[in-house]
Amino acid sequence: QQHLSEQRLAAVLKGTNDGWWDLDLITGDCFRSTRLLEMISNTASQQPFVGGFWRERIHPADRERFDWLYARAMADVSEIIEAEVRIQRDDGAYLPVLIRGSVFQDGNGLPVRFSGLMQDLTERKQQEDHIRRLAYYDVLTDLPNRRLLQERIETLSRRSIRDGTTFAVMLLDLDRFKGLNDTLGH
């Protein structure tokens with residue numbers, strides 16, 4: 001029965017595009033799936049990630065939040081860690097990922113394992129950027145649109161009130177531009 005369960009688990013994990021790991025917090029040994037290794041190093045070799053894998057590879061701007069979530073899980077405040085971070089690949093580039101992990105404890109309540117999944121968010125981030133670009137820039141000219149201008153003015157206005165500074169908006173009126181607008185649109 002256990003062999004059948006292991007086969008089912010292997011089939012499920014092979015079919016997913018997520019990388020997964022199982023870190024022994026006592027020995028520092030970490031088993032990683034082939035997909036996780038491909039995400040990090042573009043190779044499936046089993047080079048050891050001993051202990052410092054999380055700390056060293058997470059983007060410095062993302063570390064504090066991840067460390068806070070990890071510490072809460074280790075202290076048994078929360079069972080699951082879920083965080084979007086950037087993980088540094090072997091080539092130096094950062095890969096946006098979603099980390100979902102669980103800390104497992106022994107009978108005395110001490111953390112002994114950290115296991116979970118790492119999902120590549122590259123495609124989702126590209127789609128979000130594309131949608132943001134469509135919302136704030138003209139498709140024809142690739143210039144900022146009226147919506148972006150309004151948001152920037154609102155931001156400057158709030159900052160001006162808060163900091164006691166001033167700002168200016170310049171309006172440029174071009175003669176006979178109406179014909180171009182009527183032909184190509186605003």
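**Salt bridges, core and surface of a predicted model**

Glu82 is partly exposed, with a relative accessible area of 45%; here buried means under 20% relative accessible area, exposed over 50%, and partly exposed in between (1.4 Å probe, protein chains only). The structure is a predicted model, in which local features need pLDDT of at least 70 and side-chain atom pairs count only at pLDDT 80 or more, while totals for chains, interfaces and linings use all residues. Residues are numbered from 1 along each chain as its sequence is written, and side-chain values use heavy atoms, with hydrogens and water left out.

Glu82 pairs with Arg100 through a side-chain salt bridge of 3.1 Å, N to O. This pair links distant parts of the chain, with Glu82 in strand S3 (residues 80-88) and Arg100 in strand S4 (residues 94-105), 18 residues apart. Arg100 is also partly exposed, at 39% relative accessibility. A salt bridge is counted when a side-chain nitrogen of Lys or Arg lies within 4 Å of a carboxyl oxygen of Asp or Glu, and the structure holds 14 of them.

Strand S3 takes part in another such pairing, between Glu84 and Arg124, whose closest N and O atoms are 2.4 Å apart. Glu84 lies in strand S3 and Arg124 in helix H5, so this salt bridge ties together parts that are 40 residues apart in sequence. Both partners are partly exposed, Glu84 with a relative accessible area of 41% and Arg124 with 33%. The salt bridge between Arg89 and Asp91 (3.6 Å, N to O) brings together a buried residue, Arg89 at 16% relative accessibility, and an exposed one, Asp91 at 55%. Shared partners also join Glu84, Arg124, Lys125 and Glu128 into one network of salt bridges.

To place these pairs in the overall fold, it helps to step back. The protein has 7 helices and 5 strands, both taken as DSSP runs numbered from the N terminus (helices H or I, at least four residues; strands E, at least two). From the N terminus on, the elements follow the order α-β-β-α-α-α-β-β-β-α-α-α. Of the 186 residues in the protein, 24% are buried. Among contacts (heavy atoms within 4.5 Å) between residues at least 6 apart in sequence, 39% join residues at least 24 apart. The exposed area of the protein is about 13,400 Å², with carbon and sulfur atoms supplying 53% of it; accessible areas come from the Shrake-Rupley method with a 1.4 Å probe, and for residues only the protein chains shown count as cover.

Inside the protein, the largest nonpolar core has 20 residues, and those with the most contacts inside it are Trp21, Phe66, Val85, Ile87, Val97, Ile99 and Met118. A nonpolar core is a set of buried Ala, Val, Leu, Ile, Met, Phe, Trp, Tyr and Cys residues joined through side-chain atoms within 4.5 Å. The elements that give two or more residues to this core are strand S1 (19-24), H2, helix H4 (60-74), S3, S4 and strand S5 (111-120).

Just ahead of helix H2 (34-41), Ser33 occupies the loop that follows strand S2 (30-32). Ser33 is buried, with a relative accessible area of 7%. A polar atom of the Ser33 side chain lies 3.2 Å from the backbone nitrogen of Leu36. Leaving aside residues up to four places away in sequence, Ser33 touches Asp18, Gly19 and Trp20.

On the surface, Leu140, Leu172, Leu174, Phe177, Leu180 and Leu184 make a nonpolar patch of about 620 Å². Patches are made of residues with over 30% relative accessible area and no salt bridge, with like charges joined within 9 Å and nonpolar side chains (Val, Leu, Ile, Met, Phe, Trp, Tyr) within 5 Å. One of the patch members, Leu184, is found in helix H7 and is exposed, with a relative accessible area of 55%.

Two loop residues draw attention through their backbone angles. Most residues other than glycine have a negative phi. Asp142, however, has a positive phi of about 65 degrees; this residue sits in the loop between helix H5 (122-136) and helix H6 (146-163) and is partly exposed at 42% relative accessibility. Arg176 likewise has a positive phi, near 55 degrees. Its place is in the loop between H6 and helix H7 (178-184), where Arg176 is exposed with a relative accessible area of 78%.

Notes:
A polar contact is a pair of N or O atoms within 3.5 Å; within protein, one must be able to donate a hydrogen and the other to accept it, and residues adjacent in sequence count only if both atoms are side-chain atoms.
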